[in-house]
Structure formats: structure tokens, C-alpha cells
Amino acid sequence: MHDKNKSLKDLDKQSLIHPYTNLAAHQQSGPLVIERGDGIHVIDENGKSYIEGLAGLWSTSLGFSEPELAAAAAKQLEKLPAYHSFNGMATRPMIELADRLKDMVPISDGRVFFANSGSEINDTVVKLIWYANNILGCPEKKKIITRERSYHGVTVATASMTGLTACHDGFDLPLDRFLKCMCPDYYREGLPGESEEQFSERCADDLRTLIEREGANTIAAFYADPVIAGGGVVPPPAGYFERVQKILRENQILFVADEVICGFGRTGRVFACDTYDLRPDVITVAKALSSAYLPISAAVVAPAIWEPLITGSERYGPFAHGFTYSGHPVSAAVALRTLEIYEERSIFQHVQSVAAHFAKRIDSFAGHPMVGDVRRIGLLGGIEFSPNPATKAQFDKSLGVGAFCSQQCRNHGLIVRNIGDIVAFCPPLIISELEIDEMFRRFETALAETWEMVRANA
């Protein structure tokens, strides 16, 4: 029975298993309980306000108090609160959202499949590609290539695709069929005297060597998040995707662009595919599709994939994949209204207008005694710490520099995310220049305190 005399923190520790949390430490510290939101801010149970510098989880693009999205959900809940899309059933919001999405992406004559999260939709795309290759008479063409430090989800398949060892350790992952090529992190992986273009060529050679070793006839697809966000905010180096796409075309390997984080204005264009001139066979989206107000994700797939699915039904009968909530009418209605707001309020143009100020402010930390690298594109940025920026040395993990800085940010009313000793910024797209100034002012205070801690422990 619920104990009304216990605090929310105590109830949490006794009731929940938190994702991506040190569960042992959490038993001591408990949660930060967020009660409400207001624009780019969230407010905890004690009334303290925080700038949400990561837009929740890279996702709440329109902030935490958009009434139009609440109204869209309420309207659909009153009209048709739930329905499915199995057996050829459909609802108006799902159809209209699919039609709008396929016209937004740089894929000709695409078709849309809906799921509920980035992990689900990326897992789905793997199944679609495997299924299509079976129909096309290529049963050996099943391997999936991703990059080290990439992030594509946490299901059994997508965790195998994700290039972060924390998603593998203790989980009996990764599975076979999932291959990794090198991370295109010019700062961390570039050789002394090597230009970005030369580094990109070396990355391309690494991919080419992997394909030659495994055999192009065994490789189904190359999966890439255009900016590796979850692995430390790593934008592609100059010439990287131009080389990669050429290799994929030459070897008849499908290209999947994971736009779960980068999509819908984050890089300043509608999609990062537009920013980096990518021409994928599949684009996956989630998060900002509904400004994260309700769970929904989608894949837009090219005819090379969806046409064999039709042939498959002629052979096997009904296409036996889907989720109860695929294209849920309330989620779809909220997503549709989100896309309308992006257009009505020129949100992507707003990102372009404030991105230069974001860049100026985040770049100002380059040259700090413990800042090794600053990376950014649009309203997405990362600051990597180093005890010796000249040599790109790394802090001893036991010092927990990134985690300490993240906690100091929180103490000063700023929520960011540290990825090891990299601090990531991904504020809501509606952020103003004055709010950008305040976000980085709070970070600057936390950075100074972190620097004091580092020197005290030197």
C-alpha cells in the first residue's frame, strides 16, 4: 500500500529502477524530482528552477509549457483516445502525419512506419532490411555497420549497434552481425599534423577495409547518426560523409541516417541530412517529432526497402511486425501539431538566427586551462575536458571531472549531461540569445568550481 508519510525520494528508492543511473549510488542520493515546466526551464518539488540545457533528453524542442501541444492531445483524446494500425486499420492523425513526414525528407517516394521510441524504430529498420534482403534473394546480406561511440538505442539489436561499451558490459552484447568502424572524432583520433580531410580519408579507408574483409555481399547497411551526440557530440570532419557515401554506393550497401537527435532543426536545417548533404535510403526520427510531449518515432524508407515488403506479403501473408501503439492517434496528433508549429513560428529559422550566438558563447571556453576541445553545430554542442589541452591528455576516470561539473551546474540551476569528461549542451530550440547567455553564465560558474577541484586534487 502507498505510504503517504514517506517522501517522494524515499518512495522512488523503494519502487523504481532508473535507466542510465548508477543504481547503487542512487540508493543513497535519491532522485531530483521535477514537478513542472515553463519554457526552457523545469522546476523541482522544492520550487527551484533549472535551465534545461539538454532539452530533457535531446528532445523537448518547444520547451516544457507549449499549450498548443497540450490542446492537440486533449482534442484527440476526446475524439478518439486510442486505436491501432494492425490489419489495415488507420486513423486520420496517423495518415496525415505520415504524408507530411515523407514530403519533408530527402528520400523520393518514401513510406513511413511508426513506433514509439528511437530504439524501437532503429530495431524495426534492421528487421525491415533483413526481411527485404530475404525477399530479394540475398539471405547472406545481413551485417550492419555502425561507428564506435555511436548511439542507436538499447534493445538487443540496437544496443549491439550502439558503439558504447557501457551498453554491452554485463548484457551479453553485442550480438554477431553487428560490425564497428572507427569513430570520426578528429580531435581524439586525428594524428599529429593530419588535416581534417586526411583524417576523413583514413576513416573512409577503415570502412573500406572492413567491407573488403567481411565481403560486401554480406553487409546490408551502414548506420550513422550524422552528429554522434550520445558519444560526446562529434560532428563529422570535413569530407567524411562524401567519402563514406561513395563507398556505400560502390558496394551496394544501404545507408540509414539516424536523425533521432539531429532531426527537426537541431543543426539549423530541417534535418542533419540537409546540413551535411546526405542521401540516405532510410531516415529514422523520434524525440523532437513530438517535442517529446508523447512517445512516437518513425522511419521513412525508400522503395528499395518498402517494395520488397509488399512482395513478402504475397509470399508469407501479413507483414508480421508492429506495435500496439504504432501511429497512436494522440501521439500522432501531437506530432502533427509540432510540425505545424515548427513551420508557423519559423522555428528552424530561429535556430539559424541564434546559432551564431550559441557558437560565440560556447567557443569562448576554448583556451580555458582544462578545456581540450569545443565542438558545436546549430544548437548542439560539447566541451571536452583535459588536464593538458596541448597534449589532449585525459583525466583519470576516478576523479570524475565531468560528473562533478555536471553536478555543480545543477547546483547553479542548469541541467546538462556529462558523457565521461565531455559536457553536452542541447537546449530547447526556442531558447533566446539572453537565455543562451544565462545558460553559459551558470556553466562558467560551475566550470570555475570544477577547475578549483581539479587543482586541489592535482
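Helices (H or I, at least four residues) and strands (E, at least two) are DSSP runs, numbered from the N terminus. With these labels, Gly317 can be placed in the loop between α12 (303-316) and α13 (329-344). The structure described here is a predicted model, in which local features need pLDDT of at least 70 and side-chain atom pairs count only at pLDDT 80 or more, while totals for chains, interfaces and linings use all residues. Residues are numbered from 1 along each chain as its sequence is written, and side-chain values use heavy atoms, with hydrogens and water left out.

Gly317 counts as partly exposed, at 21% relative accessibility; on this scale, buried means under 20% relative accessible area, exposed over 50%, and partly exposed in between (1.4 Å probe, protein chains only). The C-alpha atoms of Gly317 and Met94 are 24 Å apart, with these positions 223 residues apart along the chain.

Empty space comes next. Rolling a probe the size of a water molecule over the atoms shows where empty space is left. On a 1 Å grid over the protein atoms alone, a cavity is a set of points where a 1.4 Å probe fits but cannot get out, and a pocket is an open set with protein on both sides within 12 Å along at least five of seven lines; lining residues have an atom within 4 Å of a point. Grid points are joined across faces, edges and corners, and a volume is the space filled by probe spheres set on the points.

The second largest pocket has a volume of about 880 Å³. Its lining has 31 residues, of which Ser85, Val112, Phe113, Phe319 and His321 are the closest to the centre. At least two lining residues come from each of α5 (92-104), β4 (111-115), β10 (297-301) and α12, and α5 gives the most, with five. The lining of this pocket divides into 19 nonpolar, nine polar and three charged residues, where Ala, Val, Leu, Ile, Met, Phe, Trp, Tyr, Cys and Pro count as nonpolar, Asp, Glu, Lys and Arg as charged, and the others, Gly among them, as polar.

The largest cavity has a volume of about 40 Å³. Trp58, Ser59, Ser61, Ile261, Gly263, Phe264, Arg266, Ala288 and Leu429 line this cavity. Trp58 belongs to helix α3 (residues 55-58) and is buried, at 5% relative accessibility. The phi of Trp58 is near 60°, a positive value in a residue other than glycine. Gln252 also has a positive phi, near 55°, but is exposed, at 66% relative accessibility. Most residues other than glycine have a negative phi, and most peptide bonds are trans. A cis peptide bond joins Leu173 and Pro174, with omega about 5°.

Phe264 appears again in the largest nonpolar core (a set of buried Ala, Val, Leu, Ile, Met, Phe, Trp, Tyr and Cys residues joined through side-chain atoms within 4.5 Å). This core has 85 residues, and those touching the most other members are Leu97, Phe222, Phe264, Leu289, Phe385, Phe425 and Phe443. A second, separate core of 25 residues includes Ile121, Leu128, Ala157 and Ala220.

Finally, the whole structure has zero disulfides (pairs of cysteine sulfur atoms within 2.5 Å). For Cys203, the nearest cysteine sulfur is that of Cys183, 7.9 Å away. The sulfur of Cys409 is 4.4 Å from the closest one, in Cys405, which is too far for a bond. Cys203 is buried, at 3% relative accessible area, and Cys409 is buried too, at 0%.
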